[in-house]
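Below are my notes on the model, as numbered points. They go through the fold, the sheets, one helix, the cores and the cysteines.

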Amino acid sequence: MGAKRDFNVKAINTEVAAAMLSMQEHWLPQSNLDLLLPPVDVGVFFCYQNPIISGILQIFWSFGSMVNVLKISLAETLVSYYAFAGELVQNIAGEPEIHCNNAGVDFTEVWADVELKEISFYNPDESIEGKLVPKKQHGVLAVQVTELKCGGVVVACTFDHRVADAYSANMFLVSWAVLAQSKPISQLPSFRRSFLFPRRPSYYDPSIDSMYLPISALKQETTNNIDHDDQVISKIYYVKAEEINRLNH
């Protein structure tokens, strides 16, 4: 898997998936930590083999039937994760807030003329981005489901990082997967901003001072002192499902 080959993708259908239940329109302020983040989108994708070839299912699931299950379960998931169906807007102070208006999530169905084994995962910026992972046009989340020539499927999401960090995005994806299997969600998200309110009167332990230091106190490295052999290397690892199951047990 991973033999480099260029391929084309074609959008089949795009629609908006909103929360299944209506809710009162309201605004959620960002925390101080969230306000530090720039407007950056992050993407994640999951690849699935043809269910007939892989032997995962004994019955035939067409691409349309799989997409229909994903749409319905997404609408159910957005009931609990209603912030993901909203939009980021600026308040009077110029700071972003989440407008929970159930504007929905762009859900796109795509066809790709490539087999799963032909996709190069060694350079995802070249082979995945812009093809199998959607570009978010508005809102907080965008979803793309791609059918491959071999019958495999790629499910991809693009999140606004100011709203969803890795932990909350993983919570959403797990909940979506659970509801897609007609199971109940075991862990619900919390959007209670009262947890973020400062204590009155404000107080912190003096030991916290030792955890931080001003940037000016850091040793400034010059270009002459840079070790060119000390480089950051990015690697992608392929972990089999049975190995993950072994670690879980």
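1. Two strands count as paired here if DSSP finds at least two bridges between them. The model is predicted, and every pairing below should be read with that in mind. Under this rule β1 and β6 pair in the antiparallel sense over eight bridges, with asparagine 13 standing opposite glutamate 109 in β6.

2. Overall content. The protein has six helices and eight strands. From the N terminus onwards, their succession is β-β-α-β-α-α-β-β-β-α-β-β-α-α. Of its 249 residues, 32% are buried. Among contacts with a separation of 6 or more, 75% are between residues 24 or more positions apart.

3. The five-stranded sheet. An open sheet is formed by five strands in the order β1-β6-β7-β8-β3, and its pairing is mixed. At its edges are β1 (9-17) and β3, each of which pairs on one side only. On average, neighbouring strands of this sheet are turned by 15° against each other, with direction ignored.

4. Pairings within that sheet. Strands of a sheet pair through backbone hydrogen bonds, either parallel or antiparallel. Both senses occur here: β6 and β7 are parallel and joined by seven bridges, whereas β3 and β8 run antiparallel and are joined by eight. In the parallel pair, aspartate 106 has alanine 142 of β7 as its bridge partner. In the antiparallel pair, aspartate 41 is partnered by aspartate 160 of β8. As for cover, seven of the eight residues of β6 are buried.

5. Helices on the sheet. α3 lies across β1, β6, β7 and β8, and runs at about 165° to β6. α5 also packs on the sheet, where it touches β3, β6, β7 and β8. The direction of α5 makes about 140° with that of β8.

6. The three-stranded sheet. Three strands, in the order β2-β5-β4, form an open sheet with antiparallel pairing. β2 (26-29) and β4 (87-90) each have a single partner strand, so one side of each lacks a neighbour in the sheet. Neighbouring strands here are turned by 40° against each other on average, direction ignored. β2 and β5 are joined by four bridges, and leucine 28 has isoleucine 98 of β5 as its bridge partner.

7. Helix α5. Does the length of α5 agree or disagree with the span expected at 1.5 Å a residue? The 15 residues of this helix (166-180) should span 21 Å, and the end C-alpha atoms are 21 Å apart, so the two agree. Its buried residues are Ser168, Ala169, Met171, Phe172, Leu173, Ser175, Trp176, Val178 and Leu179. They pack against β3 (41-48), α3 (63-80), β6 (105-112), β7 (141-148) and β8 (153-160). Serine 182, which follows the helix, has a positive phi near 60°.

8. Nonpolar cores. The largest nonpolar core has 32 residues, and those with the most contacts inside it are Phe84, Phe107, Val143, Val145, Phe159, Phe172 and Trp176. Two or more residues come from each of α3, β5 (96-100), β6, β7, β8 and α5. A second core, separate from this one, has twelve residues, including Phe7, Ala112, Ile119 and Val133.

9. Tryptophan 176. What does tryptophan 176 touch, not counting residues up to four places away in sequence? Its contacts are Leu70, Ser73, Leu74, Thr77, Phe107, Val143, Val155 and Cys157. This tryptophan is one of the buried residues of α5, and Phe107 and Val143 are listed with it among the residues with the most contacts inside the largest core.

10. Cysteines. The disulfide count comes to zero. For cysteine 47, the closest cysteine sulfur belongs to cysteine 150 and lies 9.8 Å away, which is too far for a bond; the cut-off is 2.5 Å. Is cysteine 47 buried or partly exposed? Its relative accessibility is 30%, so cysteine 47 counts as partly exposed. Cysteine 157, with a relative accessible area of 1%, is buried, because buried means under 20%.

Key:
Residues numbered from 1 in each chain as written. Predicted model: local features only at pLDDT ≥ 70, side-chain atom pairs only at ≥ 80, totals over all residues. Heavy atoms only, no water. Expected span 1.5 Å × (residues − 1). Buried < 20%, exposed > 50% of the residue type's maximum accessible area, 1.4 Å probe, protein only. Contact = heavy atoms within 4.5 Å. Core = buried A, V, L, I, M, F, W, Y, C linked by side-chain atoms within 4.5 Å. Axes fitted to C-alpha atoms, helices over the stretch in contact; angles between N-to-C directions.
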